[in-house]
Each structure stands twice: as C-alpha cells, then as structure tokens.
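Me: I would like to examine the following structure through a series of questions. Please reason briefly in each reply and finish on the value or name requested.

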Amino acid sequence: DLAQTFRPGVRTSTPLDQKMPLSPGRMFVLGGRPGHGKTTLTLQIALSLLKANPEAHTLIASCEMTEPELSLKALCCLEGRNFIDLVRNDNEGGLIAVAHAVDHHADTLQRLHLKPTRSMDSITAEAHTLHRKHPLTCVVVDYLSAMDAPGGGNQDTRSREVGAVSRACKALAQTLDCVVLAASQLNRGTKDSNRPTLKSLRDSGEVEQDADGVALLHRPDHEDDEATAQLLIAKNRWGELATIDLEPDLANHRFQWGF
C-alpha cells in the first residue's frame, strides 16, 4: 500500500518532476491573477506530460475557449511559433503552416482531448467516458471558480459552490487514479508586485484544503512579456516548498523553464 501511495509522479520533463511531482490520484492547483498566463502554463504542463509519456491521454476542460482556440494555442506552445497572428495576417498561408505543424505533432495532439464547458458534471462524465477507452493520465480544469458545481450549482454561497467544484476534482483524481490539474484565479486585492500566498486563492478556502499541491504564478511586472516570472510552490503535501524561475515567451503561448 505504501509503494502504491508514494509511487513516482507522472513525468513532465520539467522542474516539477523534482519540486512537486504530479502523482496519480492527487489534485494539484495552479493559481494566477487574470491575464498573467495561468491558462498558458497549465496547458503547457499538460502538453509536456503528453510528450514525456507516449501512452498518456489528457482531457482539458475550459470554460473560456473553444476547441479550435485551444487547439491552436496548444500548437503554438508545441511548435514555439505564433500561428494565431500568422492565420490572422495571412489566412491561406497560415492555415497551410498550421496543417504542416499538426502533422508534425500528430502523435501528441491525438492524445489531447478538449472539452469546452462550464459544468463540473459534464467534465466528470466526459472523463469517465474517455477513461473507459484509454486510461486518462491527467485531467485539466480551467478554471475552478468559473465552473458550475455538481448538481447544477445549487449552493447558497459562491464559496460553497467553488468548494463543491474543488471536492469533485479531488474525487475525480482518486476515482480515475489520475492527475487532476486545476487552474484557479487569485484575488485582485493584492498588488501584482507582492508575492501571492495560499490566502490569495479566490473564493474558497476549500481549494487550499483539497489540493495536494499548490503552485502560484508570480509575475511582478506582468506588463513586460520578457520579465522574469516565478512559480511558487506554496503547498506540497509530500514534499518541500520551492521556487521555480520562468521566462515568459507569451508570443508563442508558453514559458521557458529555469532548472
């Protein structure tokens, strides 16, 4: 039982493998202020996991982006190229370039499953359906406070509703024995220059309680896309707290990892 409980995390080939291993059956939260890149980084981690594990499958549920938008964002991250501007400025040439990139990354993209939704019930149902076909390694929920709670969100306060979404994510990780990586907004009350803490997680203290690990994206000068950023490991149930340096490469919808 101990060997099963403390088995190695799912490999991502990023510093998370040493600092905060993503172990199956556990829920991890990545927090960030609006516009700081939490969706980008969450998607990048999911893609890194797919590239590092040829048999892995990942479901990404988003409340803000459509399947084509998520697909193109993922392709930008994988290729390190801004296809979005390319398609906007040269529609025909851009689509040809996209098609070539899709062929190049077909193996990874075929194992990336996308679900635009605001319903936690819908995410759970989709995850179980996919898991019966090929076991899911990771489920990404983007983002917690925008999702409707199980049962249609009949909670009497927003805090309890977000808590219900958080508990559903934790239960999904345990039931499917997969990693659940959930994005979460941070409160706007704290100045951007101040380092965020666990108290900065928005809407519900239950998110902090349910998560096995919490990483907070800190960009003190987020208006400068080239300014150094940090990923602060603020909770690590089975490890130490740490800081990971990042270099934003947001034109290509990704960050560069510091080791």
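Me: In which element is the place of Gln-18?
Reply: This is a predicted model, in which local features need pLDDT of at least 70 and side-chain atom pairs count only at pLDDT 80 or more, while totals for chains, interfaces and linings use all residues. Residues are numbered from 1 along each chain as its sequence is written, and side-chain values use heavy atoms, with hydrogens and water left out. Helices (runs of H or I in DSSP, at least four residues) and strands (runs of E, at least two) are numbered from the N terminus. Gln-18 falls within residues 16–19, which form helix 2.

Me: Is Gln-18 buried or exposed?
Reply: The classes rest on relative accessible area with a 1.4 Å probe and protein chains only: buried is under 20%, exposed is over 50%, and partly exposed lies in between. Because its relative accessible area is 59%, Gln-18 is exposed.

Me: What separates the C-alpha atoms of Gln-18 and Arg-158?
Reply: Along the chain, Gln-18 and Arg-158 are 140 residues apart. In space, their C-alpha atoms are separated by 35 Å.

Me: Which residue before helix 2 has a positive phi, and in which loop is it found?
Reply: The loop in question joins helix 1 (2–5) to helix 2. A residue there is partly exposed, at 44% relative accessibility, and has a phi near 55 degrees, a positive value in a residue other than glycine. The loop is the one between helix 1 and helix 2, and the residue is Ser-13.

Me: Is Lys-38 buried or exposed?
Reply: Lys-38 lies in helix 3 (residues 38–52). Apart from its neighbours within four places in sequence, its contacts (heavy atoms within 4.5 Å) are with Leu-30, Gly-32, Arg-33, Tyr-143, Ala-183, Ser-184, Gln-185 and Leu-217. With a relative accessible area of 7%, Lys-38 is therefore buried.

Me: How many Å apart in space are Lys-38 and Asp-142, C-alpha to C-alpha?
Reply: In sequence, Lys-38 and Asp-142 are 104 residues apart. Asp-142 also precedes a cis peptide bond, to Tyr-143, with omega near 5 degrees, and Tyr-143 is in the loop between strand 4 and helix 9. The C-alpha distance from Lys-38 to Asp-142 is 8.9 Å.

Me: With which residues is Gln-44 in contact, leaving aside its neighbours within four places in sequence?
Reply: Gln-44 is placed in helix 3 and counts as buried at 6% relative accessibility. Ser-48, also in helix 3, is buried at 16% and is in contact with Thr-12 and Thr-14 when neighbours within four places are left aside. On that footing, the contacts of Gln-44 are Cys-77, Arg-254, Phe-255 and Trp-257.

Me: How are helix 3 and helix 4 oriented to each other?
Reply: Axes are lines fitted to C-alpha atoms, for helices over the stretch in contact, with angles from 0 to 180 degrees between N-to-C directions. Angles under 35 degrees count as roughly parallel, over 145 as roughly antiparallel, 65 to 115 as roughly perpendicular and the rest as oblique. The axes of helix 3 and helix 4 (residues 67–79) come within 10 Å and cross at roughly 65 degrees. Helix 3 is therefore, with respect to helix 4, roughly perpendicular.

Me: How many residues of the contact of helix 3 with helix 4 are charged?
Reply: Thr-39, Thr-40, Leu-43, Gln-44, Leu-47 and Lys-51 of helix 3 meet Leu-70, Lys-73, Ala-74, Cys-77 and Leu-78 of helix 4. Ala, Val, Leu, Ile, Met, Phe, Trp, Tyr, Cys and Pro count as nonpolar, Asp, Glu, Lys and Arg as charged, and the others, Gly among them, as polar. Six of the contact residues are nonpolar and three polar, and the number charged is two.

Me: How do helix 8 and helix 9 lie with respect to each other?
Reply: Their axes come within 11 Å and cross at roughly 10 degrees. Helix 8 and helix 9 are therefore roughly parallel.

Me: How many charged residues has the contact of helix 8 with helix 9?
Reply: Helix 8 contributes Met-120, Thr-124, Ala-127, His-128 and His-131, and helix 9 contributes Val-165, Ala-168, Cys-169, Leu-172, Thr-175 and Leu-176. By class, seven are nonpolar and four polar, and the charged count is no residues.

Me: Which residue just after helix 9 takes a positive phi?
Reply: The loop between helix 9 and strand 5 holds this residue, which counts as partly exposed at 33% relative accessibility. Its phi is about 55 degrees, and the residue is Asp-177.
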